[in-house]
Amino acid sequence: MSLAGQHFLGLRGVSADIIHAILDASEGFRDISRRTIKKVPTLRGRTVLNVFLENSTRTRISFELAAKRLSADGVNMSASGSSTSKGESLVDTAQTLDAMQADVIVIRHGQSGAPQVIAKHVKARVINAGDGRHEHPTQGLLDMLTMRQRFGHLEGLQVAIVGDVTHSRVARSNLIGLKTMGAQTRVFGPNTLMPRELAEVYGTTVCTSLRECLEGAHVVMTLRLQKERMTSGLLPELREYSRVYGLNSNAMKLARPDAIVMHPGPVNRGVEISAELMDGPQSVILDQVENGVAVRAALLYLILGGDES
Ligand code: NCD
């Protein structure tokens, strides 16, 4: 299967060959981003619409930059100031945008499954930029690219994911993608934030202590504590959360000496990760950001018919 002409809605069902092809192409686009002149004519004349109906900094800006660096015309839409705030339905909005002859619609939406619904109603190709608690496939890809750059391979890596897994589409896309690539995952977080089906559906190991989760890990990924959920009784008090689930340099001693620390951002500095670890040599958080532009450029390129070799 090739990506040309396909929607990209999640990592579920995407083969290891395709993931490798995207990561390989991303390396080329990362090199382009490092040049003084960061623009190539590859997608001249193509139109990419970024529809972000939920807050976003890095994902939205990296999709915008990716399109610009490939010379595509990019237009951005957010919820405030658009007709979605006047009560227009999602499908009607999508069909309106489609009528303007978009080649690709990139969508972020608070409802799980929204990109799938849109994909059924438009001619444009749809890329999921994060939907509810479902998937965030380009984040999974940029995370895997970052790991592959550090270790040279994904197969056999031990990846620990710590934090609020229930609300995390980032965790889900990573669990799915890493399994496809032959890495092993384990997760640790508050009991109330550990979906029961994790082990079964995602083939991951649910740990009962931070020690069990981190021991021998190549990669330690922590997730944003979604403070907006603090009031719902799902979480202990902030300081308590930080004490049990927060990562710091001391906890990292449990992982391999060459282990890296990842975070999809935005970070609550000092809550899920200590400032010192975040700014220290093990942190690859800014590499993740850089790789985000490269992965999104690669995906636009491949979906719009670029050569996978
Ligand atoms: C995440 C998201 O929105 O899913 N951020 C991101 O895209 N890099 C994670 C989060 O908001 O916690």
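# A tour from Gln101 to the ligand

Begin by selecting Gln101, which counts as exposed because its relative accessibility is 52%, and exposed here requires over 50%. Keep in mind throughout that the structure on screen is a predicted model. Gln101 sits in the loop between α3 and β3, and its phi is near 65 degrees, a positive value in a residue other than glycine. That deserves a look at the backbone, since most residues other than glycine have a negative phi.

Step back along the chain from Gln101 to the helix that it follows, α3, which spans residues 90-99. Select Thr93, Ala94, Leu97 and Asp98, the buried residues of this helix. These residues cover an arc of only 135 degrees around the axis, and therefore they lie on the same side of α3. The spacing fits a general rule: an α-helix has 3.6 residues a turn, so residues three or four places apart point the same way. Now add the partners to the selection, for the buried residues of α3 pack against β1 (47-52), β2 (73-78), β3 (104-109) and α4 (114-121).

Next, select Ser71, in the loop between α2 and β2. Its phi, near 70 degrees, is again a positive value in a residue other than glycine, but Ser71 is buried, because its relative accessible area is 15% and the cut-off for buried is under 20%.

From there go to Ser56, which is found in the loop between β1 and α2 (58-69). Ser56 counts as buried because its relative accessibility is 17%. Draw a distance from its side chain to the backbone nitrogen of Arg60, and the viewer should give 3.1 Å.

The ligand is the next stop. Which residues are around the ligand? They are Arg58, Thr59, Arg108, His136, Gln139, Arg169, Val170, Arg224, Gln226, Pro264, Gly265 and Pro266. Three polar contacts can be labelled in turn. An N or O atom in the side chain of Thr59 is 3.0 Å from an oxygen atom of the ligand, and a polar side-chain atom of His136 lies 2.8 Å from a ligand oxygen atom. With Pro264 the pair involves the backbone instead, a polar atom of which is 2.9 Å from a nitrogen atom of the ligand. As for cover, the ligand taken alone exposes 320 Å², and the protein buries 90% of that.

Stay with the ligand's surroundings and select Gly265 together with Pro266, both of which are among the residues around it. A cis peptide bond joins Gly265 and Pro266, with omega at about -10 degrees, whereas most peptide bonds are trans. Pro266 has its place in the loop between β9 and α11 (275-278).

Now move to Lys253, in the loop between α10 (249-252) and β9 (260-262). Lys253 counts as exposed because its relative accessibility is 66%. Select Glu215 as well: the two residues are 38 apart in sequence, and their C-alpha atoms are 8.5 Å apart in space.

Finally, zoom out and colour the protein by its domain assignment, which gives domain 1 (16-135 + 289-303) and domain 2 (137-284). The C-alpha centres of domain 1 and domain 2 lie 26 Å apart, and the contact takes 27 residues from domain 1 and 23 residues from domain 2.

How values were computed. Residues are numbered from 1 along each chain as its sequence is written. This is a predicted model: local features need pLDDT of at least 70, side-chain atom pairs count only at pLDDT 80 or more; totals for chains, interfaces and linings use all residues. Side-chain values use heavy atoms; hydrogens and water are left out. Buried means under 20% relative accessible area, exposed over 50%, partly exposed in between (1.4 Å probe, protein chains only). Helices (H or I, at least four residues) and strands (E, at least two) are DSSP runs, numbered from the N terminus. The arc is that of the directions from the helix axis to the C-beta atoms. Contact means heavy atoms within 4.5 Å. A residue is near a molecule or strand if one of its heavy atoms lies within 4 Å of it. A polar contact is a pair of N or O atoms within 3.5 Å; within protein, one must be able to donate a hydrogen and the other to accept it, and residues adjacent in sequence count only if both atoms are side-chain atoms. Accessible areas come from the Shrake-Rupley method with a 1.4 Å probe; for residues, only the protein chains shown count as cover. Domain bounds come from an automatic or database domain assignment.
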